[in-house]
Every structure is written in C-alpha cells, then in structure tokens.
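Reader: Before I set anything up with this one, could you walk me through the strands and then a charged residue I am curious about?
Author: Gladly; let us look at it together.

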Amino acid sequence: MDDKGAIIWRDSDTGTVAIWIVNGFQVTQSGSLGAVPSNWTIVGTGDMNGDGKVDLLWRDSDTGTVAIWLLNGLQVLQIGSVGSVPGNWIVAETGDFDGDAKRDILWRDTTAGSTAIWFMNGLQVSSSASLGTVPNAWTIQGQNAD
C-alpha cells in the first residue's frame, strides 16, 4: 500500500487478513496476508519505517505484546515484536510526532489517564517518554484516534 487508499479486512471466523487497494471507486489490487489468531487485533496503521508504505500495528489482548507488520503492497516484508504493554494502556493514535517521516505510537492509560509516546524506527522503539496525565473525561481527538 502506498499513497493510494486501502481497506483492510479481517474474517472473524478464520482470522484471515486481506487488503483491497483502491483508487477512487475501483479496487486495483486485492490479496490475503494470512491468518492471525483472534487475540491479535490491528490497533493502528501507518508508515512505521519511512519507506512510503503503510504498515500494520498489532496488539495481543492476552499478553499485551505489540507487533508490527512492515508491508509492501500486498506483501508482508517483515514482522517483529516491539514490546509489551499492560492491558490498561491502549494505542490512542499513531502519527509522526517527531517529524522523521515514520509513524510513532501514542499510548493512553485508561485507568490513570497517563499518556506516553514511543518514537518508532521500523521494528524498533528508538525512544519513549511520558507526556503527562490528563483526566479520563478528556479524549484524544486526532486524525487516527480511536
């Protein structure tokens, strides 16, 4: 997937993940990326490694493990675990928060209201920091906020 739009599909029965690459009203490419167990969910998308292609950010609801699939169109180029986060922390948004053309991960603690950020470089967290605490009545309103 590149600068064209994409729709990511997930079969709830089999766990199969598929992509439609679209241009306007037309599906120009489609394909399956494989099956993933139901405890894994896609929690974000974006170019995590700066190659101009959209990648998938996954989270295991059982263990809190976070993984990234680096994509090139309909191909998974590389998969890697980037850490583990307690279940009360959610991915609030992905965005390029440090201006390096790579998506970063904004985390929110749903219990305490704490926020933190992981600056990403592909399959690695290059640095991380706490951003402070905001009452839970406040929600993040960003382009990719959940």
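Reader: How many bridges join strand S5 to strand S6, and which way do they run?
Author: In this predicted model, strand S5, residues 55-60, is joined to strand S6, residues 65-72, by four bridges, and the two run antiparallel. One of the residues involved is leucine 56, whose bridge partner in S6 is tryptophan 69.

Reader: And what is the order of the sheet with S5 and S6 in it?
Author: The order is S4-S5-S6-S7, an open sheet of four strands with antiparallel pairing. Strand S4 (40-46) and strand S7 (75-84) each have a single partner strand and stand at the edges, so one side of each is left without a neighbour in the sheet. On average, and ignoring direction, neighbouring strands of this sheet are turned by 25° against each other.

Reader: OK, moving on: what about S8 to S11, what order do they take?
Author: They make up an open sheet of four strands, ordered S8-S9-S10-S11 and paired in the antiparallel sense. The edges are strand S8 (89-95) and strand S11 (124-133), and because each has a single partner strand, one side of each is left without a neighbour in the sheet. Inside this sheet, strand S9 (residues 104-109) and strand S10 (residues 114-121) run antiparallel and are joined by four bridges, with leucine 106 standing opposite isoleucine 117 in S10.

Reader: Now the charged one: where is aspartate 47, and is it buried or exposed?
Author: Aspartate 47 lies in the loop between S4 and S5, and it is buried.

Reader: Which side chain of opposite charge is nearest to aspartate 47, and how far away is it?
Author: That is arginine 103, at 7.8 Å, and aspartate 47 has no salt bridge. Its side chain does reach two backbone nitrogens, that of asparagine 49 at 3.3 Å and that of glycine 50 at 2.8 Å. Leaving aside neighbours within four places in sequence, aspartate 47 is in contact with several residues, including Lys53, Asp55, Lys102 and Arg103.

Reader: Last topic, the N-terminal strands: which residue has a positive phi in the S1 and S2 hairpin?
Author: Glycine 15, in the turn, has a positive phi of about 80°, and the hairpin has five residues between its strands. Strand S1 (residues 5-10) and strand S2 (residues 16-23) run antiparallel, joined by six bridges.

Reader: And what does S2 do with S3?
Author: S2 pairs with strand S3 (residues 26-35) in the antiparallel sense over eight bridges, and in their hairpin, with two residues between the strands, glycine 24 takes a positive phi near 70°.

Technical notes:
Residues numbered from 1 in each chain as written. Heavy atoms only, no water. Pairing = 2+ DSSP bridges. Axes fitted to C-alpha atoms, helices over the stretch in contact; angles between N-to-C directions. Buried < 20%, exposed > 50% of the residue type's maximum accessible area, 1.4 Å probe, protein only. Lys, Arg positive; Asp, Glu negative; His and termini not counted. Salt bridge = Lys/Arg side-chain N within 4 Å of Asp/Glu carboxyl O. Polar contact = N/O pair within 3.5 Å; in protein donor to acceptor, adjacent residues only side chain to side chain. Contact = heavy atoms within 4.5 Å.
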